[in-house]
Every structure is written in structure tokens, then in C-alpha cells.
Amino acid sequence: MLGTVLAYLLWGLLARATPTPRQSITQLSTTQIDAFSPYTYFAAAGYCEPSTTLAWSCGTNCDANSDFIPVASGGDGADVQFWYVGYSPSLASVVVAHQGTDPSEIESLLTDGNLVFDSLDSDLFPDIISDIQVHAGFASIQAQTAEAILAAVTTALSDNGADSVTLTGHSLGAALSLLDAMYLPLHLPDPMYRFVGYGLPRVGNQAFADYMDDTYGTQLNHINNKQDPVPILPGRGLGYHHPSGEIRIDDSDAWNSCPGQDNTDDACTTGAVSNIFDGDLNDHSGPFNGIETHCS
């Protein structure tokens, strides 16, 4: 845990930057909040062993989406985060999920702590302009599973006659899924795509954030819990930017929809958690509408 805190402290040294103009904040209804629960359980299942997600026998998180049809899973939880792919009849969508950061695995912490920007691999991300830069550690791990996930998604789409793909994950898992959300449409352009992430750290620069906004529009959401400091890391002063689509759970448990990129209103994470010393890592795993993001 000390290693995690030190990594976050390093990330947070330049977390503050010039405020952006505030925009109108709206609160989600109970119905809208409840609609995110299937995605939260899918993100939490990313922490479960691949053998259990392939059999879809991972306990509460699997039971909550009981009709899910797994197609593939992988990772070792150390050098490569766990991941799985399958089809959800209830959502009428293929689902891709990645494991988040496990403090017991030092490789994960080293990845999280690597702040260097890097260009995207042109073989994995053809025709992406060089102005788009991303977190080098995140890109390295995403590259290790990219082709296996592409193959599994292709199979899941074909086997189920599907035309929709949903990417999800928590923490580092959300970062990897956000990179998948850029990668997959470049190779499978026909399906509709949606991204729902939880406790998402910043993944790329302004050009990356703008690209994701242009590609996904309202089909991209990243949900943050209260004083969680991870979403303000790495800092904007280092050149990192979030795409639009933030939803922040405040101390009253209201879910605030925060328009724009890195909205600095106090109801949104960048405004409420202006630096790591305002944050509380205990908020990182949730709860998100009563759901904790771990394998259970």
C-alpha cells in the first residue's frame, strides 16, 4: 500500500493547472444511476481470476449479470492484468473488461508510476496522428493483450450476431479499456461502441482527449467516487487531460454529470479534489451505487 501511495504522490506533484471555465452541472435520476449497475459489476469482475470469468462463476459480480456468455479470458494479474471478453444478452452487447491495479503486484505499481508520454504503436493504431500521446506504461500493457482481445471480440460479435461493443474497467483496468476503445474501432469499424470506466486515471494528452470526444461523444462515461484522487492523476501540469463524460458521486451520494473535459466545478473531481492532499484513496474502490469494485 505504501508503494501505491508513493506512486500517487509522484503523479500528484503537478496535478494542479489553470482552471477551465465552469459549465452547467446536472444530477442523474435514480433510474439513470441504476442503469449503470450492470457495467459496475462487469468492471468489478475484471478483478477475478481468468478461470472463473471464463466459466462465469466468479461470485456476486458474475451472478449480477447471470446471462453473460464468456468467450475468452487471460492475464496473470502480475505482468499482464486479467481480462475477459463475452456477450451480454441483457445489454445486447459484447463486453470487454480489464483488471485494475492490484497493490500486491509490483508490476502494476511500476506501470502506474511510469509517467512518460509515448506515441501509439502504428501497427495497433494505424492512421492515428503523432500528436496523440498516451501514458507509456498503460500503452505497453494494452499492447500485450490487444490482438487476443481483438480476436475474442471478433468471435463474440460473429457468434452472437451482435453489433455493439462495451468497454469497461476500474482504475488501471479503466485506462486499458479506454485504450481498447480507441484500438478496436480502427480494426472493427462497424459495431457501435460504448465506454464506461470507474476511477479512471488520465491516460493521454489533449489530442488524445479530443480524439476520444470526437469518436465517442455521449457514449463515453468515466465515473468517480467522492474524494478519490486517482482521477486527477497524472496531473494536468504534466500535459495529461481527461476526455469528456465525467460523472462524479458527491458526499451526498448524488451523481453529478460534469460536461466538458476536466470540469473544475466543485461538484466535479478536478474541482473537488484539487490536489492529492484533498483526496482519500479509501474512495477509490467505491461504492458505486452500493457496488464495490473488487472480486466478490
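In this predicted model, nine strands come together as an open sheet, and following the strands across gives the order β1-β11-β10-β9-β8-β7-β4-β3-β2, with mixed pairing. The two edges are formed by β1 (26-27) and β2 (69-74), each of which pairs on one side only. As a reminder for reading the sheet, strands pair through backbone hydrogen bonds, either parallel or antiparallel.

One pairing can be followed at the level of residues. Strand β8 (residues 192-198) and strand β9 (residues 220-225) run parallel and are joined by 4 bridges. Along this pair, Gly197 has His222 of β9 as its bridge partner. Helix α8 (residues 172-187) packs on the sheet, where it touches β8 and β9 as well as β4 and β7. The direction of α8 makes about 155 degrees with that of β7.

A further helix also meets the sheet. Helix α3 (residues 37-45) lies across four strands, namely β3 (83-88), β4 (93-98), β7 (164-170) and β8. Relative to β7, helix α3 runs at about 60 degrees.

Attention turns next to a loop residue, Asp262, found between β11 (255-258) and α10 (269-272). Is Asp262 buried or exposed? Its relative accessible area is 5%, and because buried means under 20%, Asp262 counts as buried. The side chain of Asp262 takes part in polar contacts with two other side chains: one of 2.9 Å with Arg202, and one of 3.1 Å with Thr270. Asp262 thus combines a buried position in the loop with side-chain polar contacts to Arg202 and Thr270.

Definitions and conventions: Residues numbered from 1 in each chain as written. Predicted model: local features only at pLDDT ≥ 70, side-chain atom pairs only at ≥ 80, totals over all residues. Heavy atoms only, no water. Buried < 20%, exposed > 50% of the residue type's maximum accessible area, 1.4 Å probe, protein only. Polar contact = N/O pair within 3.5 Å; in protein donor to acceptor, adjacent residues only side chain to side chain. Pairing = 2+ DSSP bridges. Contact = heavy atoms within 4.5 Å. Axes fitted to C-alpha atoms, helices over the stretch in contact; angles between N-to-C directions.
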